[in-house]
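Trainee: I am new to this one. Could you take me through it step by step?

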2 protein chains.
Amino acid sequence: MKQIEVQKDILSANETIALENRQLFIRKGIFVLNLMSSPGAGKTTLLERTIELLKDTLNLGVIEGDIATTYDAERISSHGIPVTQINTGGACHLESNMIKTALNEFNLDSLDLLIIENVGNLVCPAEFNLGEDAKVMVLSVTEGEDKPLKYPLMFRLAKALIINKVDLLPYINCSTEKIIEDVTSLNPDLSIFETSCTKKTGLDAWKAWLEEELNKKKKSLPSDG
Amino acid sequence: MKQIEVQKDILSANETIALENRQLFIRKGIFVLNLMSSPGAGKTTLLERTIELLKDTLNLGVIEGDIATTYDAERISSHGIPVTQINTGGACHLESNMIKTALNEFNLDSLDLLIIENVGNLVCPAEFNLGEDAKVMVLSVTEGEDKPLKYPLMFRLAKALIINKVDLLPYINCSTEKIIEDVTSLNPDLSIFETSCTKKTGLDAWKAWLEEELNKKKKSLPSDG
């Protein structure tokens, strides 16, 4: 069927450039996260908290993906971190060629950690590798406990899941135990964190995970000599 | 550019079948809504409240669109309403041919109002007409006030917007005034309702709007004679 073949071509072209991005990240020794969620789950606030926790010890960079506006890049920029905004125009996800272009805006030799905030969408971004080391998901408890089984692909592919806005649990009907049970059935190796990015709770474990993953990558790289 | 041409073909094929659906709805005198939102904004709970309000006076039907699971159809079915679940497999939106197939499951002669719950996604569903009379959006206040300008297309195309979960406003940082200001700049004719579907507030105005739109459609139809 023609439509499916075209989709295959698009995904295959995306994989080729994602591999180029990945090789560049290895050469430059940069650990790269692809941060994904539904709209409004708290990706940008998580980014702001993460910057506060790590900016004194690591060189950070951020790529912001949005259909329209530069709101998120302005929020990140106020923390004194290099940030590039990609506006997709209408596209519902980032693709590897957009990242390749955005990388020209950074001094890659001075970066330790690059975080890419994808377009808010629980479906499409999961299908497009960007060359990242890990996909990280944010799920807000306000979205409901049924989301992992209803939108399984992203939960299957993620390396870490941040269950966010747990400060709202007293006011809503959502069981984090059910979320954890379901995501573990989809993805037994997933690292899971429960946070409130506005109340700044649960972030130490997330910081420790990030530092550990970053060190693992550094050790795995070929030495400069 | 090849990719864009294919996208045009897909959208054009979708429009052709959407028009067939629309003509069928006119012949059968059915008012049809396409209900869209991010994952977890409260579409299914709004549907349950709407069924409770209207099922004694109108013949209702529901089509549920999800990537996976039949959870939502089970919730609707418990209210004694005919419901058909579409599982898209992985597709991030419903298309008109899926609706055309699902319509075979209904006795169309006995329906007044058909509500189609789209896949939870604030981007892609807006691009695909299904043959509906009106697109209706749900935005949860927990998603944040910045969403209309960041995801403008769906807000531009909607005929009604339900700002939901307003019972959570005391616990979060979100201004419904800002949402209303921004959506009105995108779409001055939008009808706006503020509701809590779990606390059952704000639903009378929504019910009145639905009944008025349904009556407008009935009056516009060619008479049977």
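Mentor: What follows is a set of short questions and answers on this predicted model.

Trainee: In what order do the seven strands of the open sheet in chain B run?
Mentor: The pairing in this sheet is parallel. Its edge strands are β3 (83–87) and β7 (191–194) of chain B, each pairing on one side only. From one strand to the next, the twist averages 20°. Reading across, the order is β3-β2-β4-β1-β5-β6-β7.

Trainee: Which residue is the bridge partner of Leu35(B) in β4(B)?
Mentor: Start with the two strands. β1 (residues 31–36) and β4 (residues 113–117) of chain B pair in the parallel sense, over five bridges. In β4(B), the partner of Leu35(B) is Glu117(B).

Trainee: At about what angle does helix α4 of chain B run to β3(B)?
Mentor: Helix α4 covers residues 96–103 of chain B. It lies across β2 (60–66), β3 and β4 of that chain. Its angle to β3(B) is about 145°.

Trainee: Why is the pair of Phe193(A) and Trp206(A) called stacked or edge-to-face?
Mentor: A search over all chains finds seven aromatic pairs. In this one the ring centres are 6.0 Å apart and the planes stand at 70°. Planes over 60 degrees apart count as edge-to-face. So the pair of Phe193(A) and Trp206(A) is edge-to-face.

Trainee: Which elements of chain A hold Phe193(A) and Trp206(A)?
Mentor: Both residues are buried. They are 13 residues apart, and the pair links distant parts of the chain. Phe193(A) is in strand β7 (residues 191–194), and Trp206(A) is in helix α8 (residues 203–220).

Trainee: Which three residues of chain B supply 21% of the area it buries against chain A?
Mentor: The contact takes 33 residues from chain B and 33 residues from chain A. The area buried between them is about 2,800 Å², with 61% from carbon and sulfur atoms. No other three residues of chain B supply more than these: Pro39(B), Lys150(B) and Tyr171(B).

Trainee: Which residue forms a salt bridge with Lys150(B)?
Mentor: Four salt bridges cross the interface of chain B and chain A. In this one, the closest N and O atoms are 3.5 Å apart. The partner of Lys150(B) is Asp66(A).

Trainee: Where does Asp66(B) sit, given its pair with Lys150(A)?
Mentor: Lys150(A) and Asp66(B) form a salt bridge, with the closest N and O atoms 3.5 Å apart. Both residues are buried. The pair crosses between chains, from helix α5 (residues 147–150) of chain A to Asp66(B) in strand β2 of chain B.

Trainee: Is Glu143(B) buried or exposed?
Mentor: Glu143(B) is in the loop between β5 (134–140) and α5 (147–150) of chain B. Beyond its neighbours within four places in sequence, its contacts include Pro39(A) and Gly40(A). Buried means under 20% relative accessible area. At 6%, Glu143(B) is therefore buried.

Trainee: How many residues apart in sequence are the parts tied together by Glu213(A) and Lys159(A)?
Mentor: Their side chains meet in a salt bridge at 3.3 Å, N to O. Glu213(A) is buried, with a relative accessible area of 7%, whereas Lys159(A) is partly exposed at 36%. Glu213(A) lies in helix α8 of chain A and Lys159(A) in the loop between α6 (152–157) and β6 (160–164), so the parts tied together are 54 residues apart.

Technical notes. Residues numbered from 1 in each chain as written. Chains lettered and ligands numbered in written order. Predicted model: local features only at pLDDT ≥ 70, side-chain atom pairs only at ≥ 80, totals over all residues. Heavy atoms only, no water. Pairing = 2+ DSSP bridges. Helix = DSSP H or I, 4+ residues; strand = E, 2+ residues; numbered from the N terminus. Axes fitted to C-alpha atoms, helices over the stretch in contact; angles between N-to-C directions. Contact = heavy atoms within 4.5 Å. Phe/Tyr/Trp six-rings, centres within 6.5 Å; stacked < 30°, edge-to-face > 60°. Buried < 20%, exposed > 50% of the residue type's maximum accessible area, 1.4 Å probe, protein only. Buried area = accessible area lost by both parts, 1.4 Å probe.
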